[in-house]
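Good morning, and thank you for making time for this item. I would like to go through one structure with you, beginning at a single pair of residues and then widening the view.

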Amino acid sequence: MMTPPLAPLVGGADATRTALAWTHTARFLTTASRLDQLPAHELPEIAFVGRSNAGKSTAINTLAQQRQLAYASKTPGRTQHINLFEVGPKEAPQAYWADLPGYGYAAVAKAAKARWQEVMADYLRVRRNLSCVVQMVDSRHGFTELDRQLLEFVAPRLANGEVRLLVLLTKADKLNRKEGADSLRKARAVLAALSTDQSDLRITLFSSLKRQGVGEVAEILQGWMVPPDTPVPDTDPTTTPDHAPAA
């Protein structure tokens, strides 16, 4: 049983700027309530998953440096669609981000929970384009039972290296240094049970408020999705981005 490494891969300021320029290109493409509504394509997909209050939409917006790219419902758990975003040059996208519905909010009807559990499980188990899962876990609480259940859906594909995993321990600004280290230690113990010689599992503390881990995460995702020396288009952070509709 191997211990998953911490996520940051220090590539220097230039590498961080390049990666953030890449994530800034993210733009809304489409929304779907079923897997068969997603477009057919050959590009890799990064799935963003997490409990309804884990800060998933905020993390996506922070990585993209856009305020309203990912839609955050005023009522947690109400967003029940997969929102797909293109990343890379508009004329030649390099990857897709798939924002999956948050899970675990008590106010959602049981029927809706069951339907979305099935959709998400199918996506994680069989979606051919799935290349990476970014799971948001509240750093104050660690992996809940529902977080562990979601990992079970994708565990076989993690074990054979078909899908990579990056866990963001969100809201890390609310922890002191000792608490942060303890949160990391407990989370790594959970992932160690999934680790194999073929798997690529990583974990890091993350804070949208303090921008902790943002550059490192952008570098990892770009490194996983884009071949080395691929040009990244210039972006203008002052432009108003497209954003996902309320679902």
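**A central strand and its sheet**

In strand S4, the bridge partner of glutamate 86 is tyrosine 96. Please keep in mind throughout that this is a predicted model.

Let me stay with glutamate 86 for a moment. On another strand, arginine 27 stands opposite this glutamate, which belongs to S3. S3 is therefore a natural place to start, and it has neighbours to discuss on two counts. With S4, residues 95-99, S3 runs antiparallel, and five bridges join the two. With S1 the pairing is likewise antiparallel, over five bridges. One of the partnerships there is that of threonine 31 with asparagine 83 of S3.

How many of the six residues of S3 are buried? Six of the six are, so the strand is largely enclosed by the rest of the structure. In a regular strand, side chains alternate between the two faces of the sheet. Here both faces of S3 are covered: one side carries Ile82, Leu84 and Glu86, the other Asn83, Phe85 and Val87, and all are buried.

Next, the aromatic residues. The structure holds two aromatic pairs. One of them is formed by phenylalanine 28 and phenylalanine 85 in an edge-to-face arrangement, at 6.0 Å centre to centre and with 65° between the planes. This pair links distant parts of the chain: phenylalanine 28 lies in S1, residues 27-32, and phenylalanine 85 in S3, residues 82-87, with their positions 57 residues apart in the chain. Are the two rings' residues buried or exposed? Phenylalanine 85 is buried because its relative accessible area is 1%, under the 20% cut-off. Phenylalanine 28, at 21%, falls in the partly exposed class.

I now turn to the sheet as a whole. Seven strands form an open sheet with mixed pairing, in the order S1-S3-S4-S2-S5-S6-S7. The edge strands are S1 and S7, the latter spanning 201-205, and each pairs on one side only. On average, neighbouring strands of the sheet are turned by 20° against each other, direction ignored.

Which helices pack on this sheet or lie across its strands? Helix H4, residues 145-159, packs on the sheet and touches S2 (45-50), S5 (130-138), S6 (164-170) and S7. The direction of H4 makes about 155° with that of S5. Helix H6, residues 214-225, lies across S2, S4, S5, S6 and S7, and runs at about 165° to S6.

A further residue deserves mention, arginine 17 in helix H1, residues 12-23. Arginine 17 is exposed, since its relative accessible area of 51% is over the 50% cut-off. The C-alpha atom of arginine 17 is separated by 9.2 Å from that of alanine 218, although the two positions lie 201 residues apart along the chain.

Finally, the chain overall. Its secondary structure comes to six helices and seven strands, and along the sequence they follow the pattern α-β-β-α-β-β-α-β-α-β-α-β-α. Of the 247 residues, 49% are buried. Among contacts between residues at least 6 apart in sequence, 80% join residues at least 24 apart. The accessible surface comes to about 12,000 Å², and carbon and sulfur atoms account for 51% of that surface.

Key: Residues are numbered from 1 along each chain as its sequence is written. This is a predicted model: local features need pLDDT of at least 70, side-chain atom pairs count only at pLDDT 80 or more; totals for chains, interfaces and linings use all residues. Side-chain values use heavy atoms; hydrogens and water are left out. Helices (H or I, at least four residues) and strands (E, at least two) are DSSP runs, numbered from the N terminus. Buried means under 20% relative accessible area, exposed over 50%, partly exposed in between (1.4 Å probe, protein chains only). Rings of Phe, Tyr and Trp (its six-membered ring) pair if their centres lie within 6.5 Å; planes under 30 degrees apart count as stacked, over 60 as edge-to-face and the rest as tilted. Two strands pair if DSSP finds at least two bridges between them. Contact means heavy atoms within 4.5 Å. Accessible areas come from the Shrake-Rupley method with a 1.4 Å probe; for residues, only the protein chains shown count as cover. Axes are lines fitted to C-alpha atoms, for helices over the stretch in contact, and angles run from 0 to 180 degrees between N-to-C directions.
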